[in-house]
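Work through the following exercises with the sequence and the structure open beside you. Try each task before you read its solution.

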Amino acid sequence: MKVLKFGGTSVANAKNITLVKDIVSKTESDKTVVVVSALGGVTDLLLNTASLAALQDDTYKTFLKEIEDRHLTIIKELISINAQSRVLSKVKSELNTLETLLEGAFLIGEITPKLSDKIVSYGELLSSFIIGEFFAEAGLDVALKDSRELIKTDDVNGKATVNFELTNQLCEDFITNTPHRILILAGFIASSENGGSTTLGRGGSDYTAAIVAAALNAELLQIWTDVSGMYTANPKLVKQAKPIPHISYEEAMELSHFGAKVLYPPTIQPVLAKGISIQIKNTFEPENPGTIITKNKNEKGKTVRGITHVENIALLSLEGPGMVGIPGISKRFFEVLSQASISVVLITQASSEHSICVGISADNVFEAEQIVNEAFTYEIGSGKINPVVMETDLAIIALVGDNMKSHQGLSGKMFSTLGRNNVNIRAIAQGASERNISAVISKEDVKKALNSLHEEFFEENIKQLNLFVMGVGNVGSKFLNQIKQQKKYLKDNLKLNPRVIGMSNSRTMVFNEQGISLNNWESVLSQGEKADKSNFFEMVNKLNFRNSIFVDNTASEEVSNTYSSYLRNSISIVTCNKIACSSNYSNYIDLKALAREYNAPFLFETNVGAGLPIIDTLKHLIASGDKVQKIEAVLSGSLNFVFNNFNDKTTFHDVVIQAKEEGYTEPDPKIDLSGIDVMRKILILARESGHQLEIDDIANNSFLPQESLDTSNNNDFFDSLKKHEASFQELYRAATNADSKLKYVAQFENGKASVGLQQIPKGHDFYNLEGSDNIVLFYTERYPDQPMIIKGAGAGADVTASGIFADIIRIGNF
């Protein structure tokens, strides 16, 4: 024998009920008991209608009409015209009785628990009757039985207690004596021994099915719903959640108690003692195997089986010196909550006995605060105990698994994962069985916490990186193309999955929680909302994704001023923008400190040498204990390109234009040619070497005429270059006559830095530096005579983008 239960979504309309009929007709069993819920949404409609009637609000009639229309429409769609009259007559008769009950509530202006049970029972009574008639007309060997004649309870309305001895006997007698193969029962409803209607509380239809399955010693209880079993996490919040093929009773109880709404915890209790398996199936994907719940331990010794959560939680904390060593404080605390029917879902207490903290439903928090303070009025007045402290807007997240107790380090792994993603933990609870590790967090962090933990425990170590890209021009567009090109390689070889969640240029910005397609990002961005740097940050923060990385491809001071806000929210930063790291030393140090404090990497490899590993190499030298004595470098790919291409057959103006067009200079070329850009770079290297230096401390021996330096726009700047062509030619002739080449050199030694154009003789390391290449010579305690040399392409959109990409991979590998 099998017992099949179909929930509200499974019987929400005629189409779904037809699917149910197909499933039942194909079920292989000598006898099949089918337990059905009310039509989807009807139970809530009945409760709302009753509440309005009790408030003497005659709009309850509108809701009653909606209930009537729902049922009559389904009858007309399911039942043939010849048979409709009888079915419609019966249903209208029941609806008339329901109307009478509601009119009574309207007239007296109240609704009692007994009347509420009577009213709400009509949802299951009507659905089971309609489904029974549909099955019979379809030729199935079916009988309808009123559940109130089989399931007997006490007289407590709203959540009655089952008399299992009497219920089991009634169920067994009925099954033994009925000749029909398929039996339909209404879920949720029961009756007291004196015949009054009662209900089984939340999840009552599941409970009905479990009660009947246990009473009849069924071989299997199937719960048919709208998901394909129990999942490793809520699939609506965690897209990578996977169905769990096999799970134990205890694990299912834990997952169900902590928010897995597929199953209601008491459902398992009646079948637990009988060892009856439960199968969770999807009505809309009946071929999917779903989840089997048995008394056996989970397969393959897996540790964490699921990650779940409960929202709408509040914490109550009672503390004070008068609690230490005093027996009975905890007893009084829990007793006062119990007497008010306030359920405690989590408990934690310090071993010093100085404080005790409990988690309860946020709906009860104000009542709880009042009654606890009243219960401890004397102790609060005498200063022995502080008034109870309440915290709201919280949620509980929990790891669940039978085998967690036999594996070390799971708690540490859970809490370190949350910490890395800036999820603050307010309270922790873990039972001695170690089947559940729970933590209380802000409800705003639930999605991030679930995804972070799921990635850590279930996703084969594939780490999702959520990118927010500011600036999609020359460098930014190359970077996006590289992400697109390497996505599969990163996932297959480095176990990294980068997604661009948000992007912005100077005009528009766009966000997509599922990731922006890199096939058509230009058109998507063009249709975005108006760009706003503050709103961009607010959206990044609101989305609150794990492993969030802000990528700055701009040269904007305004953007660099937002870095601290990102870091304080544990959002990592990768930037080619040199302004932040070359700003006031205090700001540079503060950003580095914030990165450490909030565990948010702040990487800027491309600030010096584009994609060359200059800063990374310097960091490793310093970290290993080496000390920098001197730095000599050609750090401007732009200026190296200009002076490698400038000669007596070209004009300085034309070469600078060429450098700008080929992407070697900043949008404002004066930044490069004035030496400001090189000053920033040598400043950053000096600071990364451990020296405190400001930009004003650097000597800038500029080769540009003062008129060029004083220009305020590109047009005027280029005009000035034409005007002073003779002076640039003189620089070239002087170097040529000295058998040297012009190179713009940065130096740092003995705490002092300078930049300027120099004549480099043959044989020098800088002499043969071609194109837009950069070169850095690190003289250190370990490399005093033969410096460590890093040389290569130091400018250009492609290599800069690759440097940004490399920093993102570094963060992914942290």
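**Exercise 1.** Which side chain is joined to that of N436 by a polar contact?

*Solution.* Keep in mind from the start that this is a predicted model. Begin by locating N436, which has its place in strand β17, a strand of residues 436–442. Next, look at the side chains: that of N436 and that of S438 are joined by a polar contact of 2.4 Å. Finally, consider accessibility: since buried means under 20% relative accessible area, N436 with its 8% counts as buried.

**Exercise 2.** Classify the aromatic pair of F479 and F805, and state which helices the two residues belong to.

*Solution.* A pair of aromatic rings is described by the distance of the centres and the angle of the planes. The model has a count of 24 aromatic pairs. For F479 and F805, the ring centres are 6.3 Å apart and the planes stand at 90°, so this pair is edge-to-face. The second step is to place the residues: F479 lies in helix α16 (residues 474–494), while F805 lies in helix α30 (residues 797–812), so the pair ties together parts that are 326 residues apart in sequence. As a last step, note that both F479 and F805 are buried.

Now carry out the steps again for the rings of F511 and F536. Their centres are 5.0 Å apart and their planes are at 40°, so the pair is tilted. Because F511 lies in strand β20 (residues 508–511) and F536 in helix α18 (residues 533–543), the pair ties together parts that are 25 residues apart in sequence. F511 and F536 are each buried, and they belong to one aromatic cluster whose members also include F468, F537 and Y563.

**Exercise 3.** Over the faces of which rings do R499 and K630 lie?

*Solution.* Take the arginine before the lysine. R499 lies over the face of F545, and its distance from the ring centre is 5.6 Å. K630, in turn, lies over the face of Y779, at 4.6 Å from the ring centre.

**Exercise 4.** Describe how helix α2 is oriented against helix α3, and how helix α1 is oriented against helix α6.

*Solution.* Two packed helices are described by the angle between their axes and the distance between the axes. For α2 (residues 42–54) and α3 (residues 60–78), the axes come within 8 Å and cross at roughly 155°. Angles over 145 degrees count as roughly antiparallel, and therefore α2 is roughly antiparallel to α3. The crossing of α2 and α3 is left-handed.

For α1 (residues 14–25) and α6 (residues 122–137), the axes come within 11 Å and cross at roughly 60°, which makes α1 oblique to α6. The crossing of α1 and α6 is right-handed.

**Exercise 5.** How many of the nine residues of helix α23 are buried?

*Solution.* Helix α23 spans residues 637–645, and seven of its nine residues are buried, so that the helix is mostly covered. Going through the helix, you should find G637, S638, L639, N640, F641, V642 and F643 to be buried.

**Exercise 6.** Where does V799 lie, and what is the separation of its C-alpha atom from that of L721?

*Solution.* V799 lies in helix α30. With a relative accessible area of 25%, V799 is partly exposed. For the last step, compare chain and space: V799 and L721 are 78 residues apart along the chain, and their C-alpha atoms are separated by 28 Å.

Terms used
Residues numbered from 1 in each chain as written. Predicted model: local features only at pLDDT ≥ 70, side-chain atom pairs only at ≥ 80, totals over all residues. Heavy atoms only, no water. Helix = DSSP H or I, 4+ residues; strand = E, 2+ residues; numbered from the N terminus. Buried < 20%, exposed > 50% of the residue type's maximum accessible area, 1.4 Å probe, protein only. Polar contact = N/O pair within 3.5 Å; in protein donor to acceptor, adjacent residues only side chain to side chain. Phe/Tyr/Trp six-rings, centres within 6.5 Å; stacked < 30°, edge-to-face > 60°. Lys NZ or Arg CZ within 6 Å of the ring centre and 35° of its normal. Axes fitted to C-alpha atoms, helices over the stretch in contact; angles between N-to-C directions. Parallel < 35°, antiparallel > 145°, perpendicular 65-115°, else oblique. Left-handed = near helix turned anticlockwise from the far one by under 90°.
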